[in-house]
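Here is a walk through a few spots worth a look, from backbone oddities to helix packing. Keep the viewer open as you read.

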Amino acid sequence: MTGHKRFLVPAAAAVAAIALAACSSASGTAEAGGGGSSGGGASAFKGKTITLIAPDAPGGSYDSYARLFAPYLGQELGATVNVENVDGGGTLDGTNQMAAAHPDGMTIGMVNVGGDVASKVEGQPSLHDDVTKFAYIGQPAVLPNALVTQSGGSAGTFTSLVHSSDPVAVLDIRNGIGDMLNRVVFGAFGIKHKLDTGFESTTALKQGFLAKDGKTIFEAMSTLYPLISGSQAKPLLVTGTVSLPTWRNALFGVPTLDSELSQVSVSAGQTKALKEANALANLSDDFAAPPGTPAATVSALRQAFTKAAALPALQKQATKESLPLAFIAGPTTASQVASAVANSSSIAPYVK
Amino acid sequence: MTHDLLSGFSQLITPEAIGLLIAGMAIGMFMGMLPGMGVSLALSLMLPFLYHMSVIPAVTLMLATQAASYYAASITAILLNTPGAPESYPTTLDGFPMAKRGEAGRALAISAASTWAGGWIGCIILVALLQVAGSLINLFHPPEFVAIIVLALVLIGGTGESTSSAKVLLSGAVGLMFSFIGSDPVSGVERFTFGSTALLNGLNVVPVALGLFAMTQMVVMFGRNESVTGGSRALLNSGQFRHQVRLGLRDTAANWVSVVRSAVVAGVLGLIPGIGGFSANFISYSLGRQVSRQGREFGTGVPAGIASAEGSSLSKEVGSLAPAVALGLPSGVGMVIFIAALAILGVQPGPNLLKSQPTLPYSMMWVMAIVGLVSCALGLVLTPWLSRATSVRGPVLMPLIVSLAVLGSFAAVTGFVGVVELGVFAVVGVVMRKLGYSLAAMTIGLVLGGTFADNVHLTQQIYGWHFLTRSPLADVFFAIAIVLLAAITWRGRRRGEAVVTPQRAARGPRAPHPVLEPVTEAVIAVVSIVYLVISLGYPTDAGRIPAIVSGLAAVLALARLGSWGVRQLATRRQPAEATPETSLELEPELKPEPAMAASVPGAVAVGALALDGAPPPGPDGIEAEPLAPADRRRRIGREFAALAWIWAAIVLSYLFGFQIGVPVIAAAYCLTSIGWNHRWQRLAFAASATAVAAIIAIGFVSLFHLTFTGLLA
């Protein structure tokens with residue numbers, strides 16, 4: 001075969017393939033990816049592969065919960081559950097990817113509703129969908145967040161921050177729960193501060209904190225516990241419910257957002273914003289399916305997650321990994337999300 | 001500490017730990033050698049198995065896999081110019097030219113010995129710095145990161161991969177521009193995604209590097225229709241291989257300074273999260289080139305080049321254990337997954353770990369040290385068999401490498417966009433190599449661009465312009481970068497004069513290609529201007545640095561275009577006395593070099609890595625003879641055909657899924673594109689290649705639970 005003909009063969013193959021693809025796209029009948037489970041119900045998942053998107057890097061709290069549930073969820077559904085890490089954009093990238101997936105239940109994900117709502121209130125175009133339209137499957141637990149400073153640093157207590165005349169250098173990841181809490185808490189309490197965004201990941205944020213590039217960070221307890229227990233960080237304020245005994249010990253005596261509200265005099269509007277922020281912060285790490293997922297499929301997923309969460313083996317592993325577990329069922333999560341979204345306007349002056 | 005060190009070792013002496021060490025090493029070596037399969041895939045695959053394991057065996061399995069895969073990634077880098085992992089690219093620069101000379105055994109021996117020695121030096125650094133790793137982090141703030149990245153870019157720009165510093169700068173700028181695709185960490189704004197959710201997370205380095213390096217090399221080999229050793233059957237006897245291995249070990253001993261330097265640099269870089277992981281090998285190699293006595297010969301297949309690249313490959317991984325264990329901060333993708341594994345095992349990295357389980361970090365170090373030694377020894381033993389890959393014709397290798405690259409690209413991104421990135425960057429890589437642009441500068445720009453932009457922003461936010469007075473360490477790095485830049489420019493000028501050999505002088509100066517060069521520069525200029533305009537439309541925080549980079553790229557491209565225009569005008573005014581030589585070959589023929597061939601038993605041909613269509617002179621200045629025009633056209637036609645095959649594999653996989661697309665394209669390719677003496681040979685090879693492709697595709701899809709089934713399937 002001559003060189004000329006050798007070129008023609010693959011070129012013809014490529015052209016034919018592209019033409020086929022074009023015809024197929026034009027007809028609009030084909031479907032890429034996924035196994036499809038239009039019928040819904042647990043039996044529809046048997047032998048299939050479900051992709052569970054964790055919107056952070058391996059080792060993060062979303063990833064840890066996704067990997068914790070994956071094998072047991074697979075066991076309940078008779079499917080293989082594959083965890084896929086899509087980090088970036090303070091969890092928005094993973095959320096967008098989940099929301100854009102075909103709504104057949106074969107691609108589900110974890111969602112940071114609090115951060116997403118704050119982004120929407122801020123008017124950012126980054127979140128492509130309305131979080132109230134997601135099909136919520138459940139939430140592993142309400143996770144506390146904490147504001148910490150360096151151990152031995154000049155900021156002694158949260159009250160001293162409130163009364164400080166020098167601006168506090170706050171380190172921040174854009175679009176996360178921590179970002180929303182930083183903006184609302186520092187803004188509503190009137191704490192002078194300078195927000196340094198630009199940290200692309202929790203790793204970079206921790207690194208900046210340890211290198212003392214700023215004074216405080218506001219993050220999930222799962223991220224902060226090693227720093228607090230290693231005497232590298234001192235907690236100043238906590239939001240949410242602290243259920244894990246080790247975390248309770250680490251946060252002993254630390255004021256909560258509610259307790260500070262009763263101590264510090266702020267206006268009704270500021271109080272409302274802080275309460276809204278607190279409610280949104282409780283809505284991280286939710287399991288959800290893309291908008292438009294059939295009700296039967298969502299119901300099967302909800303049942304499977306609930307059963308998996310009750311398995312002693314999963315609970316034992318959660319304890320081993322220091323992951324709080326108090327599973328909240330999908331319908332409850334969905335109504336909490338709807339309520340939080342409907343009552344989020346007061347945070348607007350702080351997050352915009 | 002001695003007690004902890006010994007206890008750490010004794011914990012590994014259990015049948016379970018030893019068995020998992022061997023298993024991890026085997027998996028790591030196998031996966032590491034396969035382009036696209038790298039360490040992150042291998043480690044991710046293991047995570048689900050860790051739930052029921054205890055800490056020491058699980059850690060042993062993970063780290064043994066990791067350590068072995070980084071060594072193994074160099075094997076294909078040397079033999080086929082196709083690094084198993086992007087980090088191993090610097091090894092190709094000298095390893096592959098040596099393999100082309102028929103000295104693959106020698107190159108593999110240098111690689112193995114340097115990796116082992118470097119890894120052990122890394123272990124010493126780890127032991128020395130583990131307890132103070134927590135304090136070291138206070139030395140590195142955003143200005144220091146900016147300075148280190150600038151220093152890295154300057155060093156890497158001087159790898160000598162391209163003959164033109166302007167092209168190196170343009171390559172780096174284009175790499176930076178690619179790195180800004182996706183969500184901006186400062187403002188959260190999506191940049192250059194054009195509404196595509198697939199691009200939200202930016203470009204992934206695995207498919208990009210596979211496209212730039214592995215696919216481009218397949219195009220070269222298909223174009224030549226020869227084996228790596230230039231068509232000569234380098235089937236050496238065992239005595240000749242043993243001689244090459246002995247020679248390689250002697251080379252390593254002779255270049256111990258390069259090994260130690262690279263190991264120390266990489267070990268220390270490994271301690272710095274966010275910088276060390278990927279760029280350590282690039283920086284070590286580039287530093288070696290600048291300071292080594294043989295620096296001028298780097299890129300032509302010199303032992304010091306391989307030792308400089310390989311001395312760092314395991315050392316950086318050992319070094320990166322310190323921040324991972326002491327602070328929970330990973331330095332590279334392998335360590336990110338390793339920290340996730342520790343979480344699954346209920347181990348919290350941080351200062352408490354050093355107190356509560358003081359022997360564990362030392363057990364980790366011992367795993368790395370043992371695997372470094374055993375895998376490299378195994379590599380030496382396997383050298384005679386591995387080296388035979390260099391005698392296999394390129395077209396025969398192509399179905400295997402392309403299948404692996406397509407699947408590996410999908411797995412790296414978990415989306416077909418990764419495969420599209422592979423195809424796009426295969427084309428980009430071919431154009432860049434033809435025109436002498438720097439693949440290394442572009443890759444490093446892509447990898448470090450995001451970190452660079454974030455830290456420039458943070459520097460400005462936290463320090464303002466005071467960073468120059470508040471960060472003495474950053475000032476030192478900046479000063480070194482400036483001095484190096486001056487030295488590289490000065491040496492570059494001298495080197496530019498030196499490459500004009502009598503043969504080159506007789507043939508006349510090499511001219512830029514009259515059409516492709518200006519067209520490419522015009523394309524870069526237009527794209528940069530469009531990029532600049534789009535950047536200016538983003539909020540200031542999101543658009544500032546992309547605008548500056550694209551603006552500089554546009555100015556540089558327009559300046560080169562202007563310079564070309566002036567040359568054209570001058571040429572028209574003064575009719576040409578002699579037609580300058582132009583070449584579009586990716587890898588022109590080189591004459592065998594008798595002196596070198598005689599120096600090493602088994603050395604069969606001399607070939608220098610041609611990255612710009614103009615091969616550098618051989619060690620004694622012998623240069624390539626240009627191909628006859630008909631042969632050149634035939635070769636270019638074959639290179640286009642190779643690219644078309646790669647794209648056909650991508651399109652068929654998209655339409656019918658990997659299980660059908662990959663084997664079908666392998667069958668079609670084998671039946672039509674490989675010449676055999678007998679029809680039965682063609683059929684037999686096509687049947688075997690199709691079966692292998694099917695096994696790879698089906699096995700891969702099952703193993704990694706990939707859900708892509710194709711548009712029409």
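Lys212(A) counts as partly exposed because it has 14 C-beta neighbours inside 10 Å. Keep in mind that the model is a predicted one. You'll find Lys212(A) in the loop between α7 (202-210) and β8 (216-220) of chain A. Its backbone is the odd bit: phi of Lys212(A) is near 60°, a positive value in a residue other than glycine. Most residues other than glycine have a negative phi.

Ser322(A) pulls a similar trick, with a positive phi of about 60° despite not being a glycine. Look for Ser322(A) in the loop between α13 (312-320) and β11 (328-329) of chain A. Buried, exposed or partly exposed: which is Ser322(A)? It has 19 other C-beta atoms within 10 Å, so Ser322(A) is partly exposed; the buried class begins at 20.

Now over to chain B. Its secondary structure comes to 31 helices and 2 strands. Of the 713 residues in chain B, 62% are buried. Contacts reach a long way along the sequence, too: taking those between residues at least 6 apart in chain B, 81% join residues at least 24 apart.

Val245(B) gives you a local view of that. This residue sits in helix α11 (residues 238-254) of chain B, and it counts as buried because 22 C-beta neighbours lie inside 10 Å. Who does Val245(B) touch, leaving aside neighbours within four places in sequence? The contacts are Gly105(B), Ala109(B), Leu380(B) and Thr383(B). As for Ile110(B), it is 135 residues from Val245(B) in sequence, yet the two are 8.0 Å apart in space, C-alpha to C-alpha.

Next up, two helix pairs in chain B. Packed helices are described by the angle between their axes and the distance between the axes, and here is how these two pairs come out.

| Helix pair | Angle | Axis distance |
|---|---|---|
| α2 (residues 15-33) and α4 (residues 55-80), chain B | about 30° | 6 Å |
| α6 (residues 104-129) and α12 (residues 256-270), chain B | about 50° | 9 Å |

With an angle of about 30°, α2(B) is roughly parallel to α4(B), because angles under 35 degrees fall in that class. α2(B) passes α4(B) in a right-handed crossing. By class, the contact of α2(B) with α4(B) has 20 nonpolar, 8 polar and 1 charged residues.

The other pair, at about 50°, has α6(B) oblique to α12(B). The crossing of α6(B) and α12(B) is right-handed. On the α6(B) side, the contact is made by Ser114(B), Ala117(B), Gly118(B), Ile121(B), Gly122(B) and Ile125(B). From α12(B) come Val259(B), Val260(B), Ser262(B), Ala263(B), Val264(B), Gly267(B) and Val268(B). By class, that contact of α6(B) with α12(B) has 8 nonpolar, 5 polar and no charged residues.

Finish with α27 (residues 540-573) of chain B. This helix has 34 residues and reaches 47 Å from its first C-alpha to its last, close to the 50 Å expected at 1.5 Å a residue. Its buried residues include Ala542(B), Ile545(B), Val549(B), Ala553(B), Ala557(B) and Arg560(B). An α-helix has 3.6 residues a turn, so residues three or four places apart point the same way. What do the buried residues of α27(B) pack against? Their partners are α9 (165-179), β2 (190-191), α22 (439-462) and α26 (516-536) of chain B.

Terms used. Residues numbered from 1 in each chain as written. Chains lettered and ligands numbered in written order. Predicted model: local features only at pLDDT ≥ 70, side-chain atom pairs only at ≥ 80, totals over all residues. Helix = DSSP H or I, 4+ residues; strand = E, 2+ residues; numbered from the N terminus. Buried ≥ 20, exposed ≤ 12 C-beta atoms within 10 Å, placed from the backbone. Expected span 1.5 Å × (residues − 1). Contact = placed C-beta atoms within 7 Å. Axes fitted to C-alpha atoms, helices over the stretch in contact; angles between N-to-C directions. Parallel < 35°, antiparallel > 145°, perpendicular 65-115°, else oblique. Left-handed = near helix turned anticlockwise from the far one by under 90°. Nonpolar A, V, L, I, M, F, W, Y, C, P; charged D, E, K, R; others polar.
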